[in-house]
Amino acid sequence: MAGSRIYHFDEVAKHNDAEDCWLIVSGKVPNLAFRDHAVGFNMAKCTLHGSFFSMLQVYDVSSYMAEHPGGRDVLLSATGKDATVDFENVGHSSSGRELMDNYCIGTIDSSTLPKDGEGVKAQ
Ligand code: HEM
């Protein structure tokens, strides 16, 4: 089942090696997504309650590294940043997207994201 914890970006960025790899990818709630200049791009608004929430999900793919058809290196290079564009550029299939749910552990607190919008690589 998908996790529901809210993580700080810095904490997620620390998980950046082959045995312990977390990714940040958005888009789990595309129908609710809209761009709001006040709160930033990676936020969505609940159409029922009007509240804002983060669309950026956190995935712990440590156990998936060896199985990933694209290999482990691409996953490693997608750590420590918002990897949504990298993920989307590949054109993952719908079954690939469904798989993601198995690894979802929560969402990002958007206020903790680096301000440049692209993210920074962790050391
Ligand atoms: C939880 C996250 C991810 C899951 C579950 C996942 C799953 C998959 C699956 C199932 C495929 C086979 C093709 C398909 O069905 O779409 C695939 C291919 C691929 N993935 Fe991912 N992926 C994830 C994240 C990423 C990220 C962040 C990248 C970064 C660029 C990436 C790069 C690739 C590449 C390059 C391939 C192409 C393989 C090829 O056709 O040669 N994936 N992935």
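1. A quick word on terms: helices and strands here are DSSP runs, with at least four residues for a helix and at least two for a strand, numbered from the N terminus. On that basis the elements run β-α-β-β-β-β-β-α-α-α-β, which comes to four helices and seven strands. Bear in mind throughout that this is a predicted model.

2. On to the sheet. Five strands make an open sheet in the order S1-S7-S6-S3-S2, and the pairing is mixed. S1 (5-7) and S2 (16-17) sit at the edges with a single partner strand each, so one side of each has no neighbour in the sheet. S2 and S3 (residues 20-26) run antiparallel and are joined by two bridges. If you want a place to look, Asn16 stands opposite Cys21 in S3.

3. Next, the core. The largest nonpolar core has 21 residues, and Val12, Leu23, Ile24, Val58, Tyr59 and Ile108 touch the most other members. H1, S3 and S6 (56-60) are the elements that give two or more residues to this core, and S3 gives the most, with five. As background, nonpolar side chains tend to be buried together in soluble globular proteins.

4. Val12 deserves a click. Setting aside neighbours within four places in sequence, Val12 is in contact with Tyr7, Trp22, Ile24, Val58 and Ile108. Of these partners, Ile24, Val58 and Ile108 are also on the list of core residues that touch the most other members.

5. Then there's Ala13, in helix H1 (residues 9-13). Buried or exposed? Ala13 has 21 other C-beta atoms within 10 Å, and the cut-off for buried is 20 or more, so Ala13 counts as buried. Its C-alpha atom is separated by 10.0 Å from that of Asp82, although the two residues are 69 apart along the chain.

6. For the chain overall, buried residues make up 25% of the 123 residues. Among contacts between residues at least 6 apart in sequence, 75% join residues at least 24 apart.

7. Finally, the ligand. Which residues are the closest to it? Of the 20 that surround the ligand, they are Pro69, Gly70, Asp86, Ser93 and Gly96. H2 (72-77), H3 (84-90) and H4 (94-100) each supply at least two residues of the shell, with the largest share, four residues, coming from H4. By class, the shell has 13 nonpolar residues, six polar and one charged.

Note on methods:
Residues numbered from 1 in each chain as written. Predicted model: local features only at pLDDT ≥ 70, side-chain atom pairs only at ≥ 80, totals over all residues. Near = placed C-beta within 6 Å. Nonpolar A, V, L, I, M, F, W, Y, C, P; charged D, E, K, R; others polar. Pairing = 2+ DSSP bridges. Buried ≥ 20, exposed ≤ 12 C-beta atoms within 10 Å, placed from the backbone. Core = buried A, V, L, I, M, F, W, Y, C linked by C-beta atoms within 7 Å. Contact = placed C-beta atoms within 7 Å.
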